Amino acid sequence: MSLLTLLPFIVLIGAMFLMTRSAKKKQQQAVDMRNQMQPGSGVRTIGGVYATVKEVHEDTVLVDAGPGVELLFAKNAIGAVLTDDEYNRIVHGVEHDLKSDADIVPDDASSLTGADDSAAESGADDKAVDLGKKDAADEPAGDDAPADDTPAAEAKTDAEPKKTDGGSEAK
């Protein structure tokens with residue numbers, strides 16, 4: 001057998017070796033993370049429960065999920081050990097390190113449009129925008145156009161052709 005015929009098998013074995021090696025590395029990192037848990041650290045379980053570690057045993061972890069709520073989880077059910085800042089941000093909504101107090105985005109979008117307050121005060125925004133719709137008040141009143149509050153106006157709207165579902169009935 002030549003080396004050329006063995007090359008595909010060698011490549012497949014090498015790829016399998018690299019895949020199993022990276023999977024073992026991730027498993028080892030997860031085990032190390034779970035072993036670093038200490039009482040008082042914040043955790044997230046694989047089910048999405050955020051809690052504080054109370055006790056760490058060999059295979060289990062006792063966590064405090066709220067006032068008077070203690071839960072016992074298997075160690076491998078802990079998905080992530082969180083830093084104190086991250087835990088407080090997620091659970092309590094506390095933001096500790098804001099980058100800059102000056103760069104806070106306002107509640108409205110007025111600062112994003114680039115329009116000055118002087119333009120708003122001068123009445124430049126009071127101009128009506130034509131969207132192509134006609135109000136009944138804008139239409140010219142003719143002999144065949146009744147007022148809006150008359151029964152003939154209601155009859156006119158009822159006489160408009162109605163959409164059908166594609167049936168064979170003709171109007």
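**Entry 1: the E3–E4 hairpin**

I began with the hairpin that E3 and E4 form, with 2 residues between the strands. Gly68 sits in the turn and has a positive phi of about 80°. I then looked up the conventions. This is a predicted model, where local features need pLDDT of at least 70, side-chain atom pairs count only at pLDDT 80 or more, and totals for chains, interfaces and linings use all residues. Residues are numbered from 1 along each chain as its sequence is written, and side-chain values use heavy atoms, with hydrogens and water left out.

I noted what a strand is here: helices (H or I, at least four residues) and strands (E, at least two) are DSSP runs, numbered from the N terminus. Two strands pair if DSSP finds at least two bridges between them. Strand E3 covers residues 60-66, and 6 bridges join E3 to E4. The two strands run antiparallel. I followed the partners across. Thr60 stands opposite Ala74 in E4. Leu62 faces Leu72 of E4.

**Entry 2: the whole sheet**

In which order do the strands of the open sheet lie? I read E4-E3-E2-E1-E5, which makes 5 strands with antiparallel pairing. The edge strands are E4 and E5 (78-82), and each pairs on one side only. On average, neighbouring strands of this sheet are turned by 40° against each other, direction ignored. For that angle, axes are lines fitted to C-alpha atoms, for helices over the stretch in contact, and angles run from 0 to 180 degrees between N-to-C directions. I kept one general note: strands of a sheet pair through backbone hydrogen bonds, either parallel or antiparallel.

**Entry 3: strand E1 and its neighbours**

I moved on to E1, which spans residues 42-45. E1 is joined to E2 by 3 bridges, and the two run antiparallel. Arg44 stands opposite Tyr50 in E2. The hairpin of E1 and E2 has 4 residues between the strands, and Gly48 takes a positive phi near 95° there. E1 also pairs with E5 in the antiparallel sense, over 4 bridges.

Is Gly42 buried or exposed? Gly42 lies in E1 and counts as buried, because its relative accessibility is 3%. Buried means under 20% relative accessible area, exposed over 50%, and partly exposed in between (1.4 Å probe, protein chains only). The bridge partner of Gly42 in E5 is Leu82. I also checked Ala80: the C-alpha atoms of Gly42 and Ala80 are separated by 8.7 Å, with their positions 38 residues apart along the chain counted as the spacing.

Gly47 lies in the loop between E1 and E2. Gly47 has 69% relative accessibility, so it counts as exposed. Its C-alpha atom is separated by 8.2 Å from that of Gly79, and the two are 32 residues apart along the chain.

**Entry 4: a salt bridge**

A salt bridge is a side-chain nitrogen of Lys or Arg within 4 Å of a carboxyl oxygen of Asp or Glu. How many did this rule give? The count came to 1 salt bridge. The side chains of Lys54 and Glu70 meet in it, at 2.3 Å from N to O. Lys54 lies in E2 (residues 50-56) and Glu70 in E4 (residues 69-74), so the pair ties together parts that are 16 residues apart in sequence. Lys54 counts as partly exposed because its relative accessibility is 38%. Glu70 is partly exposed too, at 45%.

**Entry 5: a surface patch**

I turned to the surface. Leu3, Leu6, Phe9 and Ile10 form a nonpolar patch, with about 420 Å² of accessible area together. Patches are made of residues with over 30% relative accessible area and no salt bridge: like charges are joined within 9 Å, nonpolar side chains (Val, Leu, Ile, Met, Phe, Trp, Tyr) within 5 Å. Accessible areas come from the Shrake-Rupley method with a 1.4 Å probe, and for residues only the protein chains shown count as cover. Ile10 belongs to helix H1 (residues 3-35). Ile10 has 46% relative accessibility, so it counts as partly exposed.

**Entry 6: overall count and confidence**

I counted 5 helices and 5 strands in the protein chain. From the N terminus on, the elements run α-β-β-β-β-β-α-α-α-α. Of the 171 residues, 12% count as buried.

Last, I checked pLDDT, the predictor's confidence in each residue, from 0 to 100. The chain averages 75, and 60% of the residues score at least 70. Among the elements, helix H4 (residues 117-121) has the lowest mean pLDDT, 52, and E4 the highest, 93. Where pLDDT is low, the predicted coordinates should not be read in detail.
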